[in-house]
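Work through the following exercises with the sequence and the coordinates side by side. Each task is followed by a solution that goes step by step.

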Amino acid sequence: MVNMKITDMTPGFKAALMAVLLALPLTMTGASNSLDRSAEEVGTQIQAGSAPLLLDVRSVQEFESGHVPGAINIPVQVLADRLKDLEGREAETLIVYCEAGPRARHARWLLHGAGFEYIGLMIGHMKRWRALGLPTHKI
C-alpha cells in the first residue's frame, strides 16, 4: 500500500484525480443513456398513445401545480418507501423527471438499485416542458 499525501501529488495527477471524483456521481446516477427522451419526444409519444410510464419525482405541491399528462407522482424523498406502488412494473420502460434534473437522477439510481431495468430521464425535465408550451395537467 502506498501512503501518499495530497501535497505529494503532481498538479497533473491532482487534476486527473479531481476529474474522476467529480464524475463519480454522474456515473452512479446514470448521466445519460439511450432511454433518455427529450420533452418533445415524450409529448409526441403521449399524443400517439405510446408513452412509457412517466414518473414525476417532484413534491406533491409541485405535481399538483402542473405535471406532464398521464404522469404519476412519487416524490423522491419517499420513493424508497413507496417502491411497492411500482411493483410488477420493473420490466417496463420508465421515464423519470423532476424540475431540472437532480432529483430525477437520484430517483433513477434508487430505481436501478431496486431492480428496475429500463429507466430514462426526460431531458430538460419540467423546466423544458413548460418552456416548449407543452400541455400540463393540474390537480
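**Exercise 1.** Determine in which helix His-125 is found, and decide whether His-125 counts as buried or exposed.

*Solution.* The model is a predicted one, and in it His-125 is found in helix H5, which covers residues 125-131. The next step is accessibility: the relative value for His-125 is 5%, and because buried means under 20%, His-125 counts as buried. A last step concerns the backbone, where His-125 has a positive phi of about 55 degrees although it is not a glycine.

**Exercise 2.** Describe the order of the secondary structure elements along the chain, and state what share of its residues counts as buried.

*Solution.* Begin with the inventory, which comes to five helices and five strands. Read from the N terminus on, these elements follow the order α-β-α-β-α-β-β-α-β-α. Turning to burial, 32% of the 139 residues count as buried, while the chain exposes about 8300 Å², of which carbon and sulfur atoms supply 60%. Finally, consider the contacts between residues at least 6 apart in sequence: 68% of them join residues at least 24 apart.

**Exercise 3.** Compare the span that H4 should have with the distance between its end C-alpha atoms, and work out how the buried residues of H4 are arranged around its axis.

*Solution.* At 1.5 Å a residue, the twelve residues of H4 should span 16 Å, and the end C-alpha atoms are 17 Å apart, which agrees. The buried residues of H4 are Ala-104, Ala-107, Arg-108 and Leu-111. Seen down the axis of H4, these buried residues fall within an arc of 105 degrees, so they line one face of the helix. The general geometry helps here, because an α-helix has 3.6 residues a turn and residues three or four places apart therefore point the same way. On the other side of H4, Pro-102 and Gly-113 are exposed. After the helix comes Gly-115, whose phi is positive, near 100 degrees.

**Exercise 4.** Identify which elements give two or more residues to the largest nonpolar core.

*Solution.* Start from the members: the largest nonpolar core has 16 residues, of which Leu-55, Val-57, Leu-79, Leu-86, Leu-94, Val-96 and Leu-111 touch the most other members. The elements that give this core two or more residues are strand E2 (53-56), strand E4 (93-97), helix H4 (102-113) and strand E5 (118-123). Of these, H4 gives the most, with three residues. As an example of the packing, Leu-111 touches residues including Leu-55, Leu-79, Leu-83, Leu-86, Leu-94 and Val-96, with neighbours up to four places away in sequence not counted. Apart from the largest core lies another, of eleven residues, among them Phe-63, Ile-95, Tyr-97 and Met-122.

**Exercise 5.** Which backbone oxygens does the side chain of Asn-73 reach, and is Asn-73 buried or exposed?

*Solution.* First place the residue, which belongs to strand E3 (residues 72-73). Asn-73 counts as buried, because its relative accessibility is 13%. Its side chain reaches the backbone oxygen of Asp-56 at 3.0 Å, and the side chain of Asn-73 also reaches the backbone oxygen of Arg-58 at 3.0 Å. Leaving aside neighbours within four places in sequence, the residues in contact with Asn-73 include Ser-59, Val-60, Phe-63 and Arg-82.

Terms used. Residues numbered from 1 in each chain as written. Predicted model: local features only at pLDDT ≥ 70, side-chain atom pairs only at ≥ 80, totals over all residues. Heavy atoms only, no water. Helix = DSSP H or I, 4+ residues; strand = E, 2+ residues; numbered from the N terminus. Buried < 20%, exposed > 50% of the residue type's maximum accessible area, 1.4 Å probe, protein only. Contact = heavy atoms within 4.5 Å. Areas by Shrake-Rupley, 256 points an atom, 1.4 Å probe, with all protein chains shown as cover. Polar contact = N/O pair within 3.5 Å; in protein donor to acceptor, adjacent residues only side chain to side chain. Core = buried A, V, L, I, M, F, W, Y, C linked by side-chain atoms within 4.5 Å. Expected span 1.5 Å × (residues − 1). Arc of directions from axis to C-beta.
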